[in-house]
Amino acid sequence: MYNSEKAESNISSAALINALRQFLPDESVLFEQEDLKPYECDGLSAYQAVPLAVAIPDSIKQLKAILSVCYENDVPVVARGAGTGLSGGALPHENGVLLSLAKFNQILSIDEENMCAVVQPGVRNLAISEAVQDYGLFYAPDPSSQIACSIGGNVAENAGGVHCLKYGLTVHNIIKLKVITIDGDELTIGCDAFDSPGYDLLALLTGSEGMLAIITEITVKLLPVPALAKVMMASFDDIAVAGQAVSDVIARGIIPAGLELMDNAALRAADDFIQAGYPPDAAAILLCEIDGSIEEVDDQLQLAEKILKQAGATEIQIAKDEAQRMQFWAGRKAAFPAVGRLSPDYYCMDGTIPRHQIASVLNRISELSDEYGQTVVNVFHAGDGNLHPLILFDANNEGELERTEELGGKILDYCVEVGGTITGEHGVGIEKINQMCGQFNSSEITQFHNIKIAFDEKQLLNPGKNIPTLQRCAEFGAMHVHHGELPFPELERF
Ligand SMILES: Cc1cc2nc3c(=O)[nH]c(=O)nc-3n(C[C@H](O)[C@H](O)[C@H](O)COP(=O)(O)OP(=O)(O)OC[C@H]3O[C@@H](n4cnc5c(N)ncnc54)[C@H](O)[C@@H]3O)c2cc1C
């Protein structure tokens with residue numbers, strides 16, 4: 001069970017529900033246990049908490065009224081998009097309101113000429129590309145969860161995906177946000193032009209994990225659908241060799257529209273699940289997609305094939321038609337649920353490392369997997385150096401979750417050691433909050449808190465997530481040590 005570190009509300013649960021029902025229809029305020037249960041976790045189901053109420057507004061007026069009740073009564077508010085997050089970001093607060101943005105699901109306008117669209121936060125990621133395909137446009141960031149996850153959740157997590165190597169993360173593909181702060185201020189961040197003056201609050205809000213404001217409208221950039229896209233599957237008999245090949249391709253000036261790595265366990269699981277046509281005996285495969293004009297694609301594909309062979313690929317297969325291309329990608333997109341069939345539970349990590357370290361980190365993961373006697377499956381955005389080790393475990397066995405978390409922590413520590421970060425795209429949430437203490441020093445964490453307080457003085461938005469308290473870091477014993485000086489030496493270590 002999750003226990004937050006902050007927030008004591010000054011209203012009873014009955015009074016809170018009553019206050020919400022003053023301006024929300026009955027079906028938009030959930031408070032019975034059986035109605036609250038479906039909201040008790042996000043994609044990180046190891047952590048669960050039931051909120052006092054779930055509020056599901058369908059207008060800005062209702063949304064502001066909910067925030068006002070919570071602000072006046074010191075009630076924590078956790079925003080929720082589609083709940084597909086993997087770091088516990090949308091995990092409810094047990095003394096708070098879970099604010100669902102599900103009814104903000106309209107595409108408000110499509111501007112073909114300026115290649116952008118204005119959408120509400122509850123719109124599904126894939127629905128944007130579907131809505132603009134007749135104009136020959138698409139929205140580039142494509143998380144593997146794109147059939148379900150919301151664009152509001154994508155902004156709050158700065159989501160990535162297969163396309164992000166070439167086209168950038170969410171932050172590179174939005175130009176303007178409308179947000180509402182906990183005390184009811186409506187802010188427009190960014191603008192319709194290429195650049196806007198002042199601090200880059202658009203970047204600050206992107207990836208802020210529901211801690212600074214509620215995102216109510218997003219202007220996304222759209223791109224022309226490339227004339228041609230082709231995917232090549234390269235097989236390897238050693239995963240570390242496949243990892244090194246990733247750097248080799250990019251170092252030669254090719255920026256694939258996707259460069260994904262799957263190890264043997266991942267590719268077998270995906271193949272069993274949706275028959276993607278993967279070679280079952282390969283130690284690893286790389287899916288390398290090139291898009292652009294017909295000439296560009298053919299040239300770059302030939303060069304990439306040569307580089308991959310030189311790097312040690314044992315077999316190369318170029319998808320013969322669009323159907324086979326989609327089949328190769330379907331296997332990759334279904335890899336997470338496919339791995340879910342291998343064991344009762346898995347824990348999805350999300351470290352990012354400099355590309356040239358992929359081989360070394362994969363070797364270290366393999367050593368740790370042996371040491372802990374736990375299978376780790378690798379399927380990830382290799383071109384971005386964004387690893388997703390999936391640690392298999394069974395939460396029914398006592399102590400196994402804790403052991404898994406420890407193993408995951410060691411993988412993330414190693415990512416930081418080689419110059420990487422503890423998260424690439426899934427966010428910190430509750431899952432990686434302790435690792436933040438190792439990634440940042442106390443001055444840096446203090447600046448994060450200052451920013452939080454500038455937006456949310458009462459610390460009501462998503463408390464206990466994303467940014468650890470200094471006390472927590474001291475207790476965790478992993479506070480970043482700067483020039484050999486332990487910060488806060490007076491604090492007792494437990
Ligand atoms: C099978 C699977 C595959 C995945 N693949 C990828 C991948 O390839 N790339 C990737 O980046 N992620 C991936 N994810 C993780 C997840 O889908 C993303 O993090 C996604 O952006 C979450 O969107 P959501 O709508 O589900 O947000 P939620 O899980 O509901 O919320 C995520 C965070 O955003 C906040 N939030 C949500 N809406 C708002 C809002 N309107 N205003 C303010 N804060 C808000 C929440 O408070 C929470 O902190 C995957 C998840 C699954 C289950």
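User: At what angle do the axes of helix α8 and helix α10 cross in this predicted model?
Analyst: Two packed helices are described by the angle between their axes and the distance between the axes. In this predicted model, α8 spans residues 239-251 and α10 spans residues 294-311. Their axes come within 9 Å, and the crossing angle is roughly 140°. The crossing of α8 past α10 is right-handed.

User: How many nonpolar, polar and charged residues make up the contact of α8 with α10?
Analyst: From α8, the residues in contact are Val241, Ala245, Asp248 and Val249. In α10 they meet Ile307, Leu308 and Ala311. By class, the contact divides into one charged residue, no polar ones and six nonpolar.

User: Which residue has a backbone N or O atom 2.8 Å from an oxygen atom of the ligand?
Analyst: Polar backbone atoms approach ligand oxygen atoms at several residues. For Glu209 the distance is 3.3 Å, and for Gly89 it is 3.2 Å. The distance of 2.8 Å belongs to a backbone N or O atom of Gly85.

User: How much of the area that the ligand exposes when taken alone does the protein bury?
Analyst: Polar backbone atoms of Gly89 and Glu209 each face an oxygen atom of the ligand. Taken alone, the ligand exposes 980 Å², and the share of this that the protein buries is 95%.

User: Which element gives the largest share of the shell around the ligand?
Analyst: The ligand has 34 residues around it, and those that come nearest are Ala79, Gly81, Thr84, Ser145 and Ser150. Two or more shell residues come from each of β3 (77-80), α5 (151-157) and β10 (214-221). The largest share, five residues, is that of α5.

Technical notes. Residues numbered from 1 in each chain as written. Predicted model: local features only at pLDDT ≥ 70, side-chain atom pairs only at ≥ 80, totals over all residues. Heavy atoms only, no water. Near = heavy atom within 4 Å. Polar contact = N/O pair within 3.5 Å; in protein donor to acceptor, adjacent residues only side chain to side chain. Areas by Shrake-Rupley, 256 points an atom, 1.4 Å probe, with all protein chains shown as cover. Helix = DSSP H or I, 4+ residues; strand = E, 2+ residues; numbered from the N terminus. Axes fitted to C-alpha atoms, helices over the stretch in contact; angles between N-to-C directions. Left-handed = near helix turned anticlockwise from the far one by under 90°. Contact = heavy atoms within 4.5 Å. Nonpolar A, V, L, I, M, F, W, Y, C, P; charged D, E, K, R; others polar.
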